[in-house]
Amino acid sequence: MPLRRYSSLIPLLAILGSVTCLGLGTSWAKHSLFPLVGAQGTTAVRVGFSALLLLLFWRPWRWQLNRADLRTVALYGAALGLTNLCFYMALRTIPFGIAVAIEFSGPLAVALLASRRPLDFVWVALAVAGLALLLPLGHDVSNLDPTGVLFALGAAVCWASYIVFGKRASHLHAGHSVSLGLTMAALVVVPVGVMHSGAALLSPVVLGVGLGVALISSAIPISLEMVALKRLTPQAFGIMSSMEPAVAAMLAYILLDERLGAGQWLAIAMIMAASMGSSYMAQRQRRAAPVLRPEYKS
């Protein structure tokens, strides 16, 4: 019984680890790679190296894949690649906090549209209220670059698609689906990066930093997200992903000494409460559901 109780924390811890690594990796990428190869080149090396690392680690060719699953994984990977590309393109012209806020409308939309119980709407409302307090962290929204906003909205749509298709592929082994998904993502974004940056992508500095960024901000987070998707409904995953801007704010405080006001810390508490409440209810519903077939174990 104690082990079963602690297992309900696995999705929360997986997403917490994912968004922490993602925040660290994205900050490193913007600081070190943007000046050298731009947003397109940064996306290419990040996703390309992530795909290579996971292909070597998981060797997905060991598993068979039927046509329906192949299509799902391809759509999952394409959505993943476009999410990364659109988000980095948005970061060129709008602040990080604003880009996260706009992009996050994607998973929140998934959570809202997939909700059925009244309590689900409570967690969504709590997450939205927290985001409204936390973001845009003092920036004047009226002066945002329209192109950057459109790219952030594109990232939101792609992130929502990533959740939907990732859930459909969650019956596969996590290493299988993620490694093949990232390979598809690389096929989508690497040509864009090559066309934009050319031989600059082969610089030893770019390759070294790109490998580190790929490990921290793609390979590890995406693998952890698939662990969470195996155990959560799409709406629960969408709500719990609301930890990302909260974790980003806390990392900024720790690493950059960006101090937050009382209202912003309240927002962080609200977002974390929505994430934990959603996790608890999702696991409770899962335990209460009748068992129709043995659960797949990865």
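# A walk through an all-helix model

Of the 298 residues that make up the protein, 49% count as buried. The structure shown here is a predicted model, and the mean pLDDT of the protein is 81, with 81% of its residues reaching 70 or more. This confidence varies along the chain, for the lowest mean, 56, belongs to helix 1 (residues 2-7), while the highest, 94, belongs to helix 4. Over residues 290-298 pLDDT stays under 50, and for this stretch the model has seven contacts beyond four places in sequence.

The overall plan can be followed from one end of the chain to the other. The protein has 13 helices and zero strands, and from the N terminus on, each element in the series is therefore an α element, as a helix is a run of at least four residues in the assignment used here. Among the contacts between residues at least 6 apart in sequence, 89% join residues that are at least 24 apart. Towards the outside, the protein exposes about 14,000 Å², and carbon and sulfur atoms supply 69% of that area.

A pair of helices shows how two elements can meet. Two packed helices are described by the angle between their axes and the distance between the axes. For helix 2 (residues 10-32) and helix 3, the axes come within 7 Å and cross at roughly 140°. Angles over 145 degrees would count as roughly antiparallel, and helix 2 and helix 3 are therefore described as oblique to each other. On the helix 2 side of this meeting are L22, T26, A29, K30, H31 and S32, and on the helix 3 side are F34, P35, L36, T42 and R46.

Following the chain onwards, the reader comes to R59, which is placed in the loop between helix 3 (34-58) and helix 4 (67-91). The phi angle of R59 is near 50°, a positive value in a residue other than glycine. With a relative accessibility of 39%, R59 counts as partly exposed, because that class covers the values between 20% and 50%.

Within helix 4 lies L80, and this residue is buried, with a relative accessible area of 6%. Not counting residues up to four places away in sequence, L80 touches Y162, L182, A185 and I222. The C-alpha atoms of L80 and S161 are separated by 8.4 Å, although these two residues are 81 residues apart along the chain.

One of the residues touched by L80, namely Y162, belongs to helix 8, where it is listed among the buried residues. Helix 8 (residues 146-168) has 23 residues and reaches 33 Å from its first C-alpha to its last, which is close to the 33 Å expected at 1.5 Å a residue. Its buried residues are G148, A152, A155, A156, C158, W159, A160, Y162, I163, F165 and G166.

Helix 9 (residues 174-197) holds H176 and also M195, and these two residues fall into opposite classes of accessibility. At 3% relative accessibility H176 counts as buried, whereas M195, at 69%, counts as exposed. Leaving aside neighbours within four places in sequence, H176 is in contact with P60, W63, Q64 and L65. As for M195, its C-alpha atom and that of G41 are separated by 8.8 Å, while the two residues are 154 residues apart along the chain.

Note on methods
Residues numbered from 1 in each chain as written. Predicted model: local features only at pLDDT ≥ 70, side-chain atom pairs only at ≥ 80, totals over all residues. Heavy atoms only, no water. Buried < 20%, exposed > 50% of the residue type's maximum accessible area, 1.4 Å probe, protein only. Expected span 1.5 Å × (residues − 1). pLDDT = per-residue confidence, 0-100. Contact = heavy atoms within 4.5 Å. Areas by Shrake-Rupley, 256 points an atom, 1.4 Å probe, with all protein chains shown as cover. Axes fitted to C-alpha atoms, helices over the stretch in contact; angles between N-to-C directions. Parallel < 35°, antiparallel > 145°, perpendicular 65-115°, else oblique.
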